[in-house]
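Q: Could you walk me through how to read a protein model with a ligand in it? I would like the general idea each time, and then the case at hand.

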Amino acid sequence: MNFFDKKYIFTPGPVRMYKETLKLGSVQTPYFRNEEFSKVLIECENMIIELANAPRGSKVVFLAASGTAGMEASVINFLGKNDKAIVVNGGDFGKRFADICSCQNIDFEEWKVVNDNLENIENFKINRDVTHFLVNAHETSVGLLFNLKAIGYFCKKHNLLNIVDAISMFVTDEIDMQKHNIDVMIASSHKGLALPPGLTFLVLSPNAINKIQASDSYYFNLKSYLSNGSRGQTPFTPTVTIILQLHQRLRCILKKGIKNEIAHTKNMAEYFRSNLKSFPLSFYSCHMPNSMTILKVSDQVDALDLVDKLEKESGVIVCPNGGSLKNKVFRVSHMGNMNKEYIDVLINALSRYYEKQ
Ligand SMILES: *Cc1c(COP(=O)(O)O)cnc(C)c1O
């Protein structure tokens, strides 16, 4: 047992992992430029395509990097000097897409939204020169889940390449690349998949593959990933161990069925939310995903103090917010290896905290 084992983790990445994942993490990393590893990578690709219901002919690109690299790689490879993006900015991660576009000199307009899941996206004005749509399916900073169906319909109607950061909702909330008309889906290892951080992947529809543009980036040149990917390899050293862990997790999720996997997270979220009635807490977001609950404290309580005391007094780690919300809200993840007994630890810790108030 080490320091971290004694903690109960409820953060939206990293999340509580499964025993099988931990076991795979404890063995020697194998060499990977061989057929054995290629087979694993190709099986991962096929399983991801199935889980995302990506269109026939879709490909998966595996990056050894955190989620933000997947966001930047999408901007670099799909947007050029003659393009213009709509960036949905519902919080910190939407702002990150805007910052990436600024950094890469890509023209964009920002849609700043508050507690609006874009189900009425038809009411938004769109300029003729817009070519791309960038959105974080779940804006993790404020627990806002966007309406992917409405967005997909809008993108189709206006002929926009639809790039969706699904990092904090893939396998915990529904996403369907065909039904939601998604061209690029970004996901990451350390959220719903419950793996260590470091692996990010992009699922590219055939339409997206046709629209890859020449870029200045060496490491994020998607064409090179695609040509290596056709034989189950990556241009540079992949996150070998995390890919083995991913393979195991994907098989497990497919065996259980993606609908059941999502239903489990939903049950966990509902169990947690239904046990909050005795606390002076309210839901901050009107459009919460299954993957996370964001709670607002009453005026008498400082959210940072609550977060701090839960950890110090009960070993429970929930997630504080930054910026103007830092004293008002905190976040609780339902991703990964959750069950009612584990959630009870958090509920009991909240009881202890509020008893002392
Ligand atoms: C966690 C997360 C990311 C990735 O952040 P990294 O720190 O780069 O891994 C990106 N988008 C969303 C919506 C996220 O929740």
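A: What follows is a short tour of the ligand site, the nonpolar core, the backbone and a few single residues. Keep in mind that this is a predicted model.

Q: Let us begin with the ligand. Which residues come nearest to the ligand?

A: A residue is near a molecule if one of its heavy atoms lies within 4 Å of it. Here 13 residues surround the ligand, and Ser66, Thr68, Thr140, Asp165 and Lys191 come nearest.

Q: How does the shell around the ligand divide by class?

A: Seven of its residues are polar, three are nonpolar and three are charged.

Q: Which helices each supply at least two residues of that shell?

A: They are H3, spanning 67-78, and H4, spanning 92-103. Helix H3 gives the largest share, with three residues.

Q: Now the polar contacts. What lies 2.5 Å from an oxygen atom of the ligand?

A: The idea is to look for pairs of N or O atoms within 3.5 Å. In this site, a polar side-chain atom of Ser66 is 2.5 Å from a ligand oxygen. The backbone takes part as well: a polar backbone atom of Gly67 is 3.0 Å from an oxygen atom of the ligand. On the nitrogen side, an N or O atom in the side chain of Asp165 sits 2.6 Å from a nitrogen atom of the ligand.

Q: How much of the ligand's area does the protein bury?

A: The ligand taken alone exposes 390 Å², and the protein buries 86% of that.

Q: Asp165 caught my eye. Which side chain makes a polar contact with the side chain of Asp165 at 2.8 Å?

A: That is the side chain of Asn136. Asn136 belongs to strand E5, residues 132-136. The side chain of Asn136 also reaches the backbone nitrogen of Gly94, at 3.1 Å. Putting these together, Asp165 has a contact with a ligand nitrogen and another with Asn136.

Q: Is Asn136 buried or exposed?

A: Buried means under 20% relative accessible area. Asn136 counts as buried because its relative accessibility is 1%.

Q: On to the nonpolar core. How many residues does the largest one have?

A: A core of this kind is a set of buried nonpolar residues joined through side-chain atoms within 4.5 Å. The largest one in this model has 59 residues, and those with the most contacts inside it are Phe133, Phe170, Met185, Phe201 and Leu246. Helix H2, residues 35-51, provides the largest share of this core, eight residues. The core also draws at least three residues from each of two domains: domain 1 (3-15 + 258-355) and domain 2 (19-256).

Q: Does everything in H2 face inward, or where would I look for a contrast? What about Lys39?

A: Lys39 lies in helix H2, and it counts as exposed because its relative accessibility is 54%. Its C-alpha atom is 14 Å from that of Pro238, a residue 199 positions away along the chain.

Q: How should I read unusual backbone angles?

A: Most residues other than glycine have a negative phi, and most peptide bonds are trans. That gives you a background for spotting exceptions.

Q: Which residues are joined by a cis peptide bond?

A: Gly13 and Pro14 are, with omega at about -10 degrees. Pro14 is in the loop between strand E1 (8-9) and helix H1 (19-24).

Q: And where does Asn53, with its positive phi, lie?

A: Asn53 has a phi of about 45 degrees and sits in the loop that runs between H2 and strand E2 (59-64). Asn53 is partly exposed, as its relative accessible area is 32%. Another positive phi, near 60 degrees, belongs to Ala194. Ala194 is in the loop between strand E9 (184-188) and strand E10 (199-204), and it is buried, with a relative accessible area of 0%.

Q: Finally, how do I compare separation in sequence with separation in space?

A: Set the C-alpha distance beside the count of residues along the chain. Leu295 and Ser282 are 13 residues apart along the chain, with their C-alpha atoms 5.6 Å apart. Leu295 is in strand E12, residues 292-297, and is buried at 0% relative accessibility. Val184 and Leu199 are 15 residues apart in sequence, and their C-alpha atoms are 17 Å apart. Val184 lies in strand E9 and is buried, with a relative accessible area of 0%.

Key. Residues numbered from 1 in each chain as written. Predicted model: local features only at pLDDT ≥ 70, side-chain atom pairs only at ≥ 80, totals over all residues. Heavy atoms only, no water. Polar contact = N/O pair within 3.5 Å; in protein donor to acceptor, adjacent residues only side chain to side chain. Areas by Shrake-Rupley, 256 points an atom, 1.4 Å probe, with all protein chains shown as cover. Helix = DSSP H or I, 4+ residues; strand = E, 2+ residues; numbered from the N terminus. Nonpolar A, V, L, I, M, F, W, Y, C, P; charged D, E, K, R; others polar. Buried < 20%, exposed > 50% of the residue type's maximum accessible area, 1.4 Å probe, protein only. Domains from an automatic or database assignment.
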